[in-house]
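Please keep the sequence and the model side by side while reading. The paragraphs below are meant to be followed with both in view.

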Amino acid sequence: MRIFAAIGIALLLAGCASSGGRPADRERFQRIAGKPNANPSEIVKAELAFARLAREEGQWTAFRKTATEDAVMFVPNLTNAQQWLKGKADPKEAVDWQPHRITMSCDGSMAVSTGAWQAANGSTGKFYTIWQKQNAEDRRVRGKESEWKWVFDHGFAVDEPLQEPDFVETEVAACDSKPSPRMTVSTSATRNTRGQSTDASLWWSAIENADGRRLLSVSIWDGSEKKSVVEEDFGLAAK
């Protein structure tokens, strides 16, 4: 029975691969493969691979390779990451980091990770990275491994090193009921970037207000309303 099932899936994959795949073939394969689901361990894997790439190929090289074209950073103003990273020389020794907590959308298409970083000079800090699965539906239908890239990243120094948890904490948005509308952004924001997961169960917004104050907000759907999971005030951008 397993052999026949495997042959059936292979035939459906082949049908999808040729001429982009007919809708009927794609729908049949989706019924066999099942719906997308959240797997926070994918983000742990992405974070560890990101840090390893930084050590092996250079810090800013790794950031360039893992960011989307429209990714943003606070450096210190809200800026397109690829433009800021373009041609930026790698430091002699890359910063190291570890994820401590991951929050993911119900469908597993977007997640926010937070954790600790350590620099060669002994300074320590905290980071937030928002990850987005790339070509999620197409890669899933074709049986390809998930690819993740970040759309927001910010790290900042802290006075005391963050305590490392015994294990990476995870939280997944609720899948039941209907998510509320997309989050709104304050009219006082002079620069802002926002996004949401494919199923609208996770929302994020990076804002720079007119007074230079920089904010990050992330919310998830808890089954009845939006639940805030990140409300970080990074303070004023340096003049």
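What follows goes from a helix to a loop and then to a disulfide.

This is a predicted model, in which local features need pLDDT of at least 70 and side-chain atom pairs count only at pLDDT 80 or more, while totals for chains, interfaces and linings use all residues. Residues are numbered from 1 along each chain as its sequence is written, and side-chain values use heavy atoms, with hydrogens and water left out.

Begin with helix α3, which covers residues 41–57 (helices, H or I, of at least four residues and strands, E, of at least two are DSSP runs, numbered from the N terminus). The expected span of a helix is 1.5 Å times one less than its number of residues, so the 17 residues of α3 should span 24 Å, and the end C-alpha atoms are indeed 24 Å apart. Within α3, the buried residues (under 20% relative accessible area with a 1.4 Å probe, protein chains only; exposed means over 50%, and partly exposed lies in between) are I43, A46, E47, F50, A51, L53 and A54. Seen down the axis of α3, these buried residues fall within an arc of 155 degrees, taken from the directions from the helix axis to the C-beta atoms, so they line one face of the helix. An α-helix has 3.6 residues a turn, so residues three or four places apart point the same way. The face of α3 turned away from the buried side carries the exposed residues K45, R55 and E56. What covers the buried residues, by contact (heavy atoms within 4.5 Å), includes α4 (59–66) and the strands β3 (96–104), β4 (110–118), β5 (124–133) and β6 (148–157). Just after α3, G58 takes a positive phi of about 115 degrees.

Two of the strands named above, β3 and β4, are joined by a loop that holds S109. S109 is buried, with a relative accessible area of 7%. Leaving aside residues up to four places away in sequence, S109 touches W131, Q132, K133, W148, S197 and T198.

How many disulfides does the model contain? The count comes to 1 disulfide, defined as a pair of cysteine sulfur atoms within 2.5 Å, and this bond joins C106 to C175 with an S to S distance of 1.9 Å. The pair links distant parts of the chain, 69 residues apart, with C106 in the loop between β3 and β4 and C175 in the loop between β7 (169–172) and β8 (189–196). The torsion about the S-S bond is about 110 degrees, so the disulfide is right-handed. C106 is buried, at 13% relative accessible area, whereas C175 is exposed, at 57%.
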